[in-house]
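Q: I'm new to this structure and would like a close look at one part of it. Could you pick a sheet, walk me through it strand by strand, and then show me what else is worth finding on the way out from there?

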Amino acid sequence: MIRNHIKKVASVVLTASMILGMAGVAFARNTKTVVQNVKIKINYDLAPGMNSGNIDVDSDSTGVDSVTVSSITNTDFGKKPKVTIKVKPDEDYTFKGTPSGNVTLSDATGKGATISKVSTTSGNMSITVTLPKTSAGDSGALEVNDISWGDNDSPVVTWESANYAKQYEVKLYRNNSIKDNITTSGTSYDFRSKIREYGKGSYTVKIRAAASNGTKGNWTESDEFDVDEDVLASLGGQTSSNGGNGTGPNGSSAGNTGAWLKDNVGWWYINADRTYTTNNWQQIGGNWYYFDNRGYMVTGWLKSPYSGKWYWLSTEGGSNLGKMLTNQWVDNNRYYVDGSGVWTQSR
């Protein structure tokens with residue numbers, strides 16, 4: 001009986017000791033000091049494509065053990081990078097109860113980085129910082145340089161590629177009046193067809209670069225390209241000496257209906273109203289011809305973009321050059337075209 005009583009007393013004492021011990025641990029855990037203020041110092045090299053290695057972070061706030069850059073996103077040109085910073089407390093401190101308004105940022109660059117989000121647990125704090133646009137303060141970003149016309153009176157404009165440019169906007173002016181406006185991803189453009197169309201005058205271009213996010217640089221203007229009678233003639237344009245009197249590839253004079261003209265690229269046809277056909281058929285002197293996107297006569301096989309059918313445009317010199325042939329064997333007598341000029345596979 002006495003033994004049982006002693007066992008019960010011992011059991012009670014042990015249980016009480018365990019409860020007290022656990023309470024002591026819980027009390028110890030709840031006695032961690034709340035970090036009252038967190039001040040983050042940040043320094044960075046702002047540039048498109050930047051990474052965590054371009055960012056330094058630190059803090060000397062009481063209760064803060066470590067500060068590290070966890071990730072960085074949104075670093076394309078013209079965007080505001082997002083930096084995630086992880087903060088760890090000292091062993092005897094906790095972030096549970098730290099006022100979010102007491103989390104501040106000091107930007108050593110003076111460019112204006114800001115805190116956009118703060119989230120905390122007792123043992124961790126995550127701070128999202130938004131940096132300025134990657135183009136901020138970069139006067140050379142998207143700048144177009146070295147615009148020039150080609151040598152030997154060439155109507156091809158070239159320019160130096162701009163940093164971060166996805167494409168370029170190019171405006172053509174004749175005597176200070178805009179004549180064309182194009183967009184290209186390249187760093188050159190041939191204005192031959194437009195100069196042939198508008199004739200003599202003083203031509204300039206203005207160019208600006210555009211980034212992938214829509215940010216655009218400043219306009220840069222070229223020197224003048226003076227087109228006189230001789231230059232226009234060399235480009236295949238209609239002049240007082242060749243207007244309306246050209247002898248075309250069909251061997252006939254154009255008379256007052258238009259003129260066949262030829263330059264170092266090929267043959268093209270200017271109508272009496274100074275227009276010319278592009279990407280389409282045109283009947284001239286009773287024969288059908290097809291002209292490409294620049295207005296030049298096409299020869300050889302053509303798959304019509306309208307019907308999807310194949311036609312043979314003569315490659316023979318003289319009177320047949322470029323003409324759509326009908327009712328005959330073509331291309332070294334290997335294929336037959338019918339009365340509409342369409343390749344007939346049944347023969």
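**A walk through one sheet**

A: Let's start with a pair of strands: β4 and strand β5 (residues 82-89) are joined by 8 bridges and run antiparallel. Please keep in mind as you look that this is a predicted model. To find one rung of this ladder, go to V67, whose bridge partner in β5 is V87.

Now step from β5 to its next neighbour. Here 6 bridges join β5 to β9, and these two strands run antiparallel. A handy rung to look for is T84, which has T128 in β9 as its bridge partner.

From β9 we can go on to β8. Strand β9 covers residues 124-130, and its antiparallel pairing with β8 runs over 7 bridges. Two rungs help you follow this pairing: I115 has V129 as its bridge partner in β9, while K117 has T128. T128 is thus a good residue to pause at, since it is the bridge partner of K117 and of T84. If you trace the chain from β8 to β9, you pass through a hairpin with 2 residues between them.

Put together, these 4 strands make an open sheet in the order β4-β5-β9-β8, with antiparallel pairing. What is left without a neighbour at the edges? β4 (64-73) and β8 (114-121) stand there with a single partner strand each, so one side of each has no neighbour in the sheet. Ignoring direction, the neighbouring strands of this sheet are turned by 20 degrees against each other on average. As you look along any strand, it helps to remember that side chains in a regular strand alternate between the two faces of the sheet.

Just ahead of β4 in the chain there is a contact to look at. K41 and D60 form a salt bridge, with their closest N and O atoms 3.3 Å apart. This pair links distant parts of the chain, with K41 in strand β2 (residues 38-44) and D60 in the loop between β3 (55-58) and β4, 19 residues apart. In general, side chains of opposite charge can pair when their charged atoms come close. Across the whole structure, a search finds 10 salt bridges.

Further along the chain you will meet another open sheet, made of 3 strands in the order β10-β11-β14, with antiparallel pairing. Its edge strands are β10 (145-150) and β14, each pairing on one side only. From one strand to the next, the twist averages 15 degrees. Strand β11 (residues 154-160) pairs with β10 in the antiparallel sense over 4 bridges, and one rung to look for there is N145 with its partner E160 in β11.

The edge strand β14 leads us to a last stop, the largest pocket, which has a volume of about 260 Å³. It is lined by 15 residues, and those closest to its centre are Y189, D190, S193, N293 and R294. The elements that give two or more residues to this lining are β13 (177-184), β14 (188-190) and α2 (192-198). Of the contributors, α2 gives the most, with 5 residues. What kinds of residue line this pocket? By class, there are 5 nonpolar, 3 polar and 7 charged ones. As for where the pocket sits, domain 2 (145-235) and domain 3 (259-344) both give residues to its lining, so it lies between them.

If you carry on into domain 3, try one more pair for practice. Strand β20 (residues 280-284) and strand β21 (residues 287-291) pair in the antiparallel sense over 5 bridges, with F291 in β21 as the bridge partner of N280. Their hairpin has 2 residues between the strands, and G285 there takes a positive phi near 60 degrees.

Notes. Residues numbered from 1 in each chain as written. Predicted model: local features only at pLDDT ≥ 70, side-chain atom pairs only at ≥ 80, totals over all residues. Heavy atoms only, no water. 1 Å grid on protein atoms, 1.4 Å probe; cavity = no way out; pocket = protein on both sides within 12 Å on 5 of 7 lines; lining within 4 Å. Points joined across faces, edges and corners; volume = space filled by probe spheres on them. Nonpolar A, V, L, I, M, F, W, Y, C, P; charged D, E, K, R; others polar. Domains from an automatic or database assignment. Pairing = 2+ DSSP bridges. Axes fitted to C-alpha atoms, helices over the stretch in contact; angles between N-to-C directions. Salt bridge = Lys/Arg side-chain N within 4 Å of Asp/Glu carboxyl O.
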